[in-house]
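Here's a quick walk through a single chain. Have the sequence and the coordinates open, and let's start with one residue before zooming out.

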Amino acid sequence: MENNVILSVRDLDVKFSLRGRSLHTIRGVSLDVQRGESLAIVGESGSGKSVLTKTFMGLLDGNGSITGGSILYNGQDLAQYTTEKQWLTIRGREIAMVMQDPMTSLNPLKTIGYQVGEAVTLHQGLTGEAAKKAVLELLADVGISEPERRYSQYPHEFSGGMRQRVVIAIAMACRPKILICDEPTTALDVTIQAQILELIRQMQKKYDLTTIYITHDLGVVANVADRIAVMYAGDIVEIGTCEEIFYDPRHPYTWALLSSLPQLGVKGEELYSIQGTPPNFFYEIQGDAFAPRNPKALKIDFVERPPYFEVSPTHKARTWLLDPRAPKVEPPEQIKLLREGGVNRHG
């Protein structure tokens, strides 16, 4: 498997300085991304998902920095990059990103053709008619009908779903190896969401892409992800194949996320919601970060950070519940329902 790894993160630490204080937002994350796979990084807002993937492209805010660890890509350690010139060899042409709000990603004053054309010229070196031809092909590729007419239109003349398709076209113009999709369907309604996810899947096949989805909604990635990494408080607390995370989750936070899925709700009963709030990054986290919100937390959870325990060769979780000495704690009812096939994952 090792030689199939396209991006390898080891013990990554990221800190932000804010009003003279330090926020420790990524806490020793290690992650291997396999070539050609579709990986979803899931967690509540503020769990560190976007910060983690921004480190792959040198997009951290000015007050943020990598304070430890490595990000290996093509034999280079991206964690050591310090200049914009270095990052321009990676950003776009090796690793590209589709942001969550296409309205802020597109320039309202420039035509669609111009904006896609910029990326084509910059990354493929094409100009004039050749560039225009490539742009029209890309627009058709991402499912925009009548590309000739659309070429000279402006973003405000496009619907939200169409704008997101344009943003994907711009990312694909760079011919990246890895495409990061940051909540790519948040601003869209459900039917358009499905179309955009299907489009990303088609692009992945056609261009042999590795895709990384960032989302807070497990339901969205259920039928696009090969593997799921669950993030909480700047750490990956569980990682496994899509089937393992849905049908055999082991971390109490994963249980809580799955239990919050609307499709697991029971008619007439209140929807499950996770109690409490994520920890404050200004303070050093003791033990298992999720312990204060976990009604089934063990005493040791408040004292010592759990190591990873292996559930299978592809599945591991950072929870003391997997320690052979731990008492048997049953997952919530909703999780048992999922195991019994009470929910259609592809529904």
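## Starting at Ile-26

Ile-26 sits in strand β2, which covers residues 21-34. This is a predicted model, so take everything below as computed from it. Is Ile-26 buried or exposed? Its relative accessible area is 0%, so Ile-26 is buried, the cut-off for that label being under 20%.

Who are the neighbours? Leaving out residues up to four places away in sequence, Ile-26 touches Leu-12, Asp-13 and Val-14, then Gly-48, Val-51 and Leu-52, and finally Met-231 and Gly-234. Ala-233 is worth a look too: 207 residues separate it from Ile-26 in sequence, yet the two C-alpha atoms are 7.7 Å apart in space.

## The chain as a whole

Zooming out, the secondary structure adds up to 12 helices and 12 strands. Long-range pairing shows up across the chain: among contacts with a separation of 6 or more, 64% are between residues 24 or more positions apart.

How does the radius of gyration fit with a compact globule? For 347 residues, such a globule would come out near 20 Å, and the chain has 21 Å, so the two agree. If you'd rather think in boxes, the C-alpha atoms fill one of roughly 70 × 50 × 40 Å along the principal axes.

## Inside, outside and charge

Of the 347 residues, 52% count as buried. On the outside, the accessible surface of the chain is about 16,500 Å², and carbon and sulfur atoms supply 52% of that area.

As for charge, the chain carries 37 positive and 41 negative ones. Take the mean position of each set, and the two points lie 2 Å apart.

## The cysteines

How many disulfides are there? The count comes to zero, with a pair of cysteine sulfur atoms needing to be within 2.5 Å to qualify. Cys-181 is in no disulfide, and its nearest cysteine sulfur, on Cys-174, is 13 Å away. Cys-181 has 0% relative accessibility, so it counts as buried.

Cys-242 is in no disulfide either. The nearest cysteine sulfur to Cys-242 is that of Cys-181, 15 Å away. With a relative accessibility of 1%, Cys-242 counts as buried.

Definitions and conventions: Residues are numbered from 1 along each chain as its sequence is written. This is a predicted model: local features need pLDDT of at least 70, side-chain atom pairs count only at pLDDT 80 or more; totals for chains, interfaces and linings use all residues. Side-chain values use heavy atoms; hydrogens and water are left out. Helices (H or I, at least four residues) and strands (E, at least two) are DSSP runs, numbered from the N terminus. The radius of gyration is taken over C-alpha atoms; the globule rule is 2.2 Å times the number of residues to the power 0.38. Buried means under 20% relative accessible area, exposed over 50%, partly exposed in between (1.4 Å probe, protein chains only). Contact means heavy atoms within 4.5 Å. Accessible areas come from the Shrake-Rupley method with a 1.4 Å probe; for residues, only the protein chains shown count as cover. Lys and Arg count as positive and Asp and Glu as negative; His and the chain ends are not counted. The place of a charge is taken as NZ of Lys, CZ of Arg, CG of Asp or CD of Glu.
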